Structures are given as C-alpha cells and as structure tokens.
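Work through the exercises below with the sequence and coordinates at hand. Each task is followed by a worked solution.

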Amino acid sequence: GSLASLGMTRTAVGRACDSGARIPPPTISDTHLHQELSVTVLALPSSPGVLSKARWEDIVPYFDDLAERPLDETTIEGWLQAWSTLEELVTEAAALAMIAYTIETSDPEKEADHLRFSTEILPKMEERSVELARRLVESGYHTPTLETALARFRTSIEIFREANVPIFSELEELSARYQRIT
C-alpha cells in the first residue's frame, strides 16, 4: 500500500505495509520548536491494522521516542497523548491477532501472529510502559484529572519485576497451546 494509505505524513524509509509485510520504520513527523530546542517526534501508525505483522523491533522506536522526548509543563500533555495512542494501537492489534487465532486455531499464521504479540511484544511493552510511568511520576507533573492514573502508575512501578517478563511470555504461549487443543 501507499504511505498515504498508512496514514504516514512524511517519506518513509522501508517497505509500506500490505498484507503480510512488516510495518515501515517510524517516520519523522513535525519538528517542534520549544525554548530554542528542536524536538523531533515520530508519527504514530494510523491504525492497529498497520501493526498486524509488527515485531518488537518495529515498535520499540516509538517507545524510544517517548523515552527521549523532553518533558516539561508545555510538552507533557502531548507526550501523554502519544503514549496513550501508542499503547492503544498495540493492544488493539494484539487483541485482533488473538481474536483471529481464537476463531481459527488451526491456522499457523494466525497462531504465529497471536504468539508474537502475546509472548514478544506485550511483555516488552509492559516493561517499557513501566519505564515511561516512572519518568512521568519522577517529572512531578500532577493534575487532579491524572490523580487516579498517577496512583496506578506508582503501583505498576512498585510491583513490576523484570524477572516476571519471561514468565508472562511462557504463560501466554501455554495458553495458546491450550486453545489449539480445546
């Protein structure tokens, strides 16, 4: 497909996504000037479908972008929106892969897609999300509307253990095997 059909606004390096192709690498969207500091941000994919064949290596640049953006009172709302949108896109793509596999457990391609999300992408995304939550909490940013989210982030930071990431992956793989035989 064309970059326009992918919702990309700038020239992308790599392959455009069509059925079965990997997503293109992240594209650079607009450069914003803030206090004489130039910040380049990545344009997020336009829909979960764009991520249907994504691997972690395709998604990690978006998390790297969020981890490296400067945070202050003028940039944090946009940063929060980008983080929220990224997680929404990835979790919806994972849900679509799981549903497709659940409907047809005998299809090896659908199983591979589901396992890639559940054992590779989602556990690593959880780890990166905790890092971003820590960054937000440590920024000291606070609004009454974020009170519940900040409390949830603090809890996630407190209970997250890197050692649990491979265990979560293994549980998801066993769950997929169980679905295949039932």
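**Exercise 1. Overall make-up**

State what share of the chain is buried, and give the order of its elements.

Solution. Of the 182 residues in this chain, 38% count as buried; the model is a predicted one. Next, count the elements: there are five helices and two strands. Read from the N terminus, they follow the order β-β-α-α-α-α-α. Last, take the contacts between residues at least 6 apart in sequence: 60% of them join residues at least 24 apart.

**Exercise 2. Packing of α1 and α3**

Determine how the axes of helix α1 and helix α3 are oriented, and list the residues that make the contact.

Solution.

Step 1. A helix pair is described by the angle between the two axes and by the distance between them.

Step 2. Helix α1 covers residues 56–68 and helix α3 covers residues 108–139; their axes come within 10 Å and cross at roughly 0°.

Step 3. Angles under 35 degrees count as roughly parallel, and α1 and α3 are therefore roughly parallel to each other.

Step 4. On the α1 side, the contact is made by Trp 56, Glu 57, Ile 59, Val 60, Phe 63, Asp 64, Leu 66, Ala 67 and Glu 68. On the α3 side, Glu 120, Ile 121, Lys 124, Met 125, Arg 128, Ser 129, Leu 132 and Arg 135 take part.

Step 5. Sorted by type, the residues of this contact are nine nonpolar, one polar and seven charged.

**Exercise 3. The two sides of α4**

Find which residues of α4 are buried, where they fall around the axis, and what covers them.

Solution.

Step 1. Helix α4 spans residues 147–159, which is 13 residues. From its first C-alpha to its last it reaches 19 Å, close to the 18 Å expected at 1.5 Å a residue.

Step 2. The buried residues in α4 are Ala 149, Leu 150, Phe 153 and Ile 157.

Step 3. Viewed down the axis of α4, these buried residues fall within an arc of 95°, so they line one face of the helix. An α-helix has 3.6 residues a turn, so residues three or four places apart point the same way.

Step 4. Exposed residues Thr 148, Arg 152, Glu 158 and Ile 159 sit on the face of α4 turned away from the buried side.

Step 5. The cover over the buried residues of α4 includes α2 (76–103) and α3.

**Exercise 4. Ala 151**

Is Ala 151 buried, partly exposed or exposed?

Solution. Ala 151 belongs to helix α4. Its relative accessible area is 36%, and Ala 151 is partly exposed. The C-alpha atom of Ala 151 is separated by 9.2 Å from that of Val 137, 14 residues apart along the chain.

Notes:
Residues numbered from 1 in each chain as written. Predicted model: local features only at pLDDT ≥ 70, side-chain atom pairs only at ≥ 80, totals over all residues. Heavy atoms only, no water. Axes fitted to C-alpha atoms, helices over the stretch in contact; angles between N-to-C directions. Helix = DSSP H or I, 4+ residues; strand = E, 2+ residues; numbered from the N terminus. Parallel < 35°, antiparallel > 145°, perpendicular 65-115°, else oblique. Contact = heavy atoms within 4.5 Å. Nonpolar A, V, L, I, M, F, W, Y, C, P; charged D, E, K, R; others polar. Expected span 1.5 Å × (residues − 1). Buried < 20%, exposed > 50% of the residue type's maximum accessible area, 1.4 Å probe, protein only. Arc of directions from axis to C-beta.
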